[in-house]
Amino acid sequence: MASRAIFLVLLVAAAASASASAQLDEKFYSQTCPSVEAVVRREMVRALSAAPSLAGPLLRMHFHDCFVRGCDGSVLLDTQGNNTAEKDATPNQTLRGFGFVERVKAAVEKACPGTVSCADVLALMARDAVWLSKGPFWAVPLGRRDGRVSIANETNQLPPPTANFTVLTQLFAAKNLDLKDLVVLSAGHTIGTSHCFSFSDRLYNFTGMDNVHDVDPTLEVQYMARLRSKCPSLDDNTTVVEMDPGSFRTFDLGYFKHVAKRRGLFHSDGALLTNSFTRAYVQRHAAGFQEEFFADFAASMVKMGNVDVLTGAQGEIRKKCSVVN
């Protein structure tokens with residue numbers, strides 16, 4: 001009886017999640033705010049023309065939003081009182097672009113007051129960040145509502161750059177994302193940069209010995225030497241390096257080419273070579289098939305964008321993304 005009860009609870013939860021996702025619609029604002037995508041794109045074009053390196057962080061912000069409490073804009077909320085918000089948790093302290101999200105939201109509010117959620121604005125910004133970096137374009141299902149809760153401790157649901165394959169698959173499966181989503185979405189690392197401290201243990205402290213010989217043996221030797229020249233110690237908290245060297249501002253197949261050569265920056269990148277399915281995907285797209293990858297990335301982004309969304313009367317439509325109404 002107990003197992004049957006648990007099964008029924010999971011079934012109801014799955015049905016509720018599917019129902020919420022079904023309420024998202026690419027034309028959700030066609031009557032209430034038909035200009036929303038044009039407004040967001042106008043602001044994105046302006047921003048990325050001035051600061052093209054902002055594309056990667058905006059895509060990453062959407063990932064981090066969806067993996068904690070679903071795609072509800074909770075990553076955008078400021079810490080209030082005794083409650084530390086997600087954005088101030090360790091995994092999110094290197095996120096940037098919050099001020100720009102507010103600027104885009106203000107432009108949307110001017111066009112359509114109290115209509116479009118911050119969660120939807122961020123989803124559109126992430127899509128445009130990819131497209132304006134010469135990546136794929138996809139229709140974004142809309143209609144998300146904004147959450148009212150943001151808790152720093154819940155960021156333990158985020159896949160860390162230090163994760164092995166087992167941990168990665170568990171964290172993705174918890175969001176109903178499969179192995180293909182894992183390898184496809186990991187390729188978001190084709191744009192953007194990372195701080196040295198996110199991977200420097202691979203260069204100096206792989207097994208905890210904390211010396212120059214304690215390196216990750218799976219990392220290609222010349223690439224490791226190049227990384228060491230940029231990140232001279234474990235104590236470097238400021239230097240940033242390109243995640244996809246040579247084309248970190250262009251959304252392309254460069255990520256797969258690097259990972260296939262054991263030049264993936266993070267533990268999590270290298271972990272893709274430890275599973276037959278993800279390794280085969282990496283190797284196939286290291287050799288080409290960009291249109292196929294673009295289609296896969298678009299599909300996985302839509303799937304991730306449906307994770308645990310609030311719809312209907314749930315949540316709210318924030319006026320400012322950093323504070324609840």
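A disulfide is taken here as a pair of cysteine sulfur atoms within 2.5 Å. The exercises below use a predicted model.

**Exercise 1. Test the pair Cys66 and Cys71 against the disulfide cut-off, then give the handedness of the link and the burial of both residues.**

Solution.

Step 1. The sulfur atoms of Cys66 and Cys71 are 2.0 Å apart. The cut-off is 2.5 Å, so the pair counts as a disulfide.

Step 2. The torsion about the S-S bond of Cys66 and Cys71 is 120°, and the link is right-handed.

Step 3. Burial requires a relative accessible area under 20%. Cys66 has 1% and is buried. Cys71, at 0%, is buried as well.

**Exercise 2. Describe the disulfide of Cys33 and Cys112: its sulfur distance, its handedness and the parts of the chain that it joins.**

Solution.

Step 1. A distance of 2.0 Å separates the sulfur atoms of Cys33 and Cys112, which form a disulfide.

Step 2. Because the torsion about this S-S bond is about 80°, the disulfide of Cys33 and Cys112 is right-handed.

Step 3. Cys33 sits in the loop between helix H1 (2-22) and H2, while Cys112 sits in the loop between H4 and H5. The pair therefore ties together parts that are 79 residues apart in sequence.

Step 4. Both Cys33 and Cys112 are buried.

**Exercise 3. Do the analysis for Cys118 and Cys321, and then state the connectivity pattern of the disulfides.**

Solution.

Step 1. The sulfur atoms of Cys118 and Cys321 lie 2.2 Å apart, and the two residues form a disulfide.

Step 2. The torsion about the S-S bond of Cys118 and Cys321 is about -100°, so this disulfide is left-handed.

Step 3. Cys118 belongs to helix H5 and Cys321 to the segment after helix H13 (290-305); the link spans distant parts of the chain, 203 residues apart.

Step 4. Cys118 is buried at 0% relative accessibility, and Cys321 is buried at 1%.

Step 5. The count of disulfides comes to four. With bonded cysteines numbered along the chain, the pattern is 1-4, 2-3, 5-8, 6-7.

**Exercise 4. Which parts of the chain does the salt bridge of Arg127 and Glu37 tie together, and how does the burial of its two residues compare?**

Solution.

Step 1. The side chains of Arg127 and Glu37 form a salt bridge with an N to O distance of 2.7 Å.

Step 2. Arg127 is part of helix H5 (residues 118-131) and Glu37 is part of helix H2 (residues 36-50), so the salt bridge ties together parts 90 residues apart in sequence.

Step 3. Arg127 has a relative accessibility of 1% and counts as buried. Glu37 has 23% and is partly exposed.

**Exercise 5. Place the salt bridges of Arg46 with Glu43 and of Glu154 with Arg69 in the chain, then name the members of the network that contains Glu37.**

Solution.

Step 1. In the salt bridge of Arg46 and Glu43, the closest N and O atoms are 3.3 Å apart. Both residues lie in helix H2, with a spacing of three residues, about one turn of the helix. Glu43 is buried, with a relative accessible area of 5%.

Step 2. Glu154 and Arg69 meet through their side chains in a salt bridge of 2.7 Å, N to O. Glu154 is in the loop between H5 and helix H6 (165-173), and Arg69 is in the loop between H3 and helix H4 (98-111), so this pair ties together parts 85 residues apart in sequence. Arg69 is partly exposed, at 34%.

Step 3. Salt bridges with shared partners join Glu37, Arg41, Arg127 and Asp128 into one network. A search of the whole structure finds 18 salt bridges.

**Exercise 6. Locate the residue annotated as "active site" and list its contacts outside the local sequence.**

Solution.

Step 1. An unreviewed UniProt entry gives the annotation "active site" to His64.

Step 2. His64 lies in helix H3 (residues 55-67). The relative accessible area of His64 is 12%, so His64 is buried.

Step 3. With neighbours within four places in sequence left aside, His64 is in contact with Val75, Glu86, Pro91, Asn92, Leu95 and Leu158.

**Exercise 7. Which residues form the nonpolar surface patch, and is Val45 buried or partly exposed?**

Solution.

Step 1. The patch consists of Val45, Trp131, Leu132 and Phe137, which together have about 340 Å² of accessible area.

Step 2. Val45 is in helix H2 and is partly exposed at 39% relative accessibility.

Conventions. Residues are numbered from 1 along each chain as its sequence is written. This is a predicted model: local features need pLDDT of at least 70, side-chain atom pairs count only at pLDDT 80 or more; totals for chains, interfaces and linings use all residues. Side-chain values use heavy atoms; hydrogens and water are left out. UniProt positions are given in the numbering used here, feature names are shortened, and annotations may be inferred rather than shown by experiment. Helices (H or I, at least four residues) and strands (E, at least two) are DSSP runs, numbered from the N terminus. Buried means under 20% relative accessible area, exposed over 50%, partly exposed in between (1.4 Å probe, protein chains only). Contact means heavy atoms within 4.5 Å. A salt bridge is a side-chain nitrogen of Lys or Arg within 4 Å of a carboxyl oxygen of Asp or Glu. Patches are made of residues with over 30% relative accessible area and no salt bridge: like charges are joined within 9 Å, nonpolar side chains (Val, Leu, Ile, Met, Phe, Trp, Tyr) within 5 Å. Accessible areas come from the Shrake-Rupley method with a 1.4 Å probe; for residues, only the protein chains shown count as cover.
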